[in-house]
Amino acid sequence: MLIGDNALAAIGHTPLVRLHRVVPPDCAEILVKVEGQNPTGSMKDRMAQAVIGVAERDGRLKPGGTVVEYTGGSTGAALALVCAAKGYRLRIVSSAAFSAEKLTQMAAFGAELTLVPSPDGMFTERLFRDMIATAARLGREPDTFWTDQLHNTDSITGYHSMGQEIWAQTEGRVDAFVQAVGTAASLRGAASLLRYHKQRRLHVVAVEPAESPVLSGGAPGAHRIEGIGIGYPPPLWDPTLVDEVMAVSTADAEAMARRLAREEGLCAGTSSGANVLAAIEIGRRLGARARVVTVLVDSGLKYLSTPVFRREAQTLTP
């Protein structure tokens, strides 16, 4: 193996793993891209490296500058990793509604946190809009670059590598791609690359919380699936790329995240559980000869203090 110049060399090239015990009979083969193997434990390392790199090259981010972003945690940790490796100050706008592990991880990499309150501890459109407004205000300060993940198309290019890796790892045999929607950058980046190779022969599925099914035309609502479902269609959302939108409830997504850990040895977050449930539903339709690829977005180690895994710890015997 080659020697990396710094921590950023460890980003990408994550495993693609076949699921077994959570997949019912007569279902398509379900493969998961294990993005928790990235340095900060999520796929967001890919977009952070891309947006910072482009901003450096075009002069929006200069040596000694400050980076600002709103985030629930994974983007913040990824930006904190990149900024630490490159020597930038990072200011993050987040909320205590997100897992304590994510907030601690961002701070551990040197990020300075501003927390926006969420009175009920839920993820709502109001919370996301308040966080964005705070980040926008900080981003207007001198020598500051706001990465603005909801609008920044550079983040899409960061996920082209994920699509290319999936294509190479499957040797081009993939019938459907399933991904949950937060900013929509990962769905667009990976799916567009796969579509480039397979054209319309690839079935692309977007996943959203059932409690806030806005991409399906429903009303926004509160939910507990971190990282997705901001309460309105994100600016990077491109419905022309997607063949179908599937909604998964928080409870079902959490239950599948627990099953993945117990039955497959894959510890991942709630959005990953939602992805796997949607992939299985598509796999049932396509049948046993098909292959469906989805993403384990991040590591479940980011959620040990949340309801997803907290009850597991409570059952431990002394």
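Two strands count as paired if DSSP finds at least two bridges between them. Helices (H or I, at least four residues) and strands (E, at least two) are DSSP runs, numbered from the N terminus. What you have open is a predicted model, in which local features need pLDDT of at least 70 and side-chain atom pairs count only at pLDDT 80 or more, while totals for chains, interfaces and linings use all residues. Residues are numbered from 1 along each chain as its sequence is written, and side-chain values use heavy atoms, with hydrogens and water left out.

**The whole chain**

Start with everything selected. The protein chain holds 10 helices and 10 strands. Its radius of gyration, taken over C-alpha atoms, is 19 Å, close to the 20 Å that the globule rule (2.2 Å times the number of residues to the power 0.38) gives for 318 residues, so the chain is as compact as a globular protein of that length. The C-alpha trace spans about 60 × 45 × 45 Å along its principal axes. Of the 318 residues, 59% count as buried, where buried means under 20% relative accessible area, exposed over 50% and partly exposed in between (1.4 Å probe, protein chains only).

**First stop: the mixed sheet**

Which strands make up the six-strand open sheet? Select β1, β2, β10, β7, β8 and β9, which lie in that order with mixed pairing. At the edges are β1 (16–18) and β9 (244–248), each pairing on one side only. Neighbouring strands here are turned by 25° against each other on average, direction ignored.

Zoom in on β1 and β2, which pair in the antiparallel sense over three bridges. Val 17 stands opposite Val 32 in β2. Now add α9: this helix packs on the sheet and touches β2, β7, β8 (203–209), β9 and β10, contact meaning heavy atoms within 4.5 Å. The direction of α9 makes about 175° with that of β10; axes are lines fitted to C-alpha atoms, for helices over the stretch in contact, and angles run from 0 to 180 degrees between N-to-C directions.

**Second stop: α8 against α9**

Keep α9 (residues 270–286) and add α8 (residues 250–264): they pack at an angle of about 95°, with their axes 7 Å apart. The two helices are therefore roughly perpendicular to each other, a label for angles of 65 to 115 degrees. Residues to show as sticks include Met 256 and Leu 260 in α8, and Val 276 and Ile 280 in α9.

**Third stop: α6**

Next, select helix α6 (residues 160–169), where Met 162, Gly 163, Glu 165, Ile 166 and Trp 167 are buried. These buried residues pack against β2 (29–34), α1 (44–58), β7 (176–180), α7 (185–198) and β10 (291–296). Just after α6, look for Glu 171, which takes a positive phi of about 55°.

**Last stop: the parallel sheet**

Finally, select β5, β4, β3 and β6, the order in which four strands form an open sheet with parallel pairing. Both β5 (112–115) and β6 (144–146) stand at the edges with a single partner strand each, so one side of each is left without a neighbour in the sheet. From one strand to the next, the twist averages 20°.

Strand β3 (residues 66–70) pairs with β6 over three bridges, and Val 68 has Trp 146 as its bridge partner in β6. With β4, strand β3 pairs over five bridges, and Thr 66 stands opposite Arg 89 in β4. Is β4 mostly covered or mostly uncovered? Mostly covered: five of its six residues are buried. To finish, show helix α3 (residues 100–108), which lies across β4 and β5 and runs at about 145° to β5.

Technical notes:
Angles under 35 degrees count as roughly parallel, over 145 as roughly antiparallel, 65 to 115 as roughly perpendicular and the rest as oblique.
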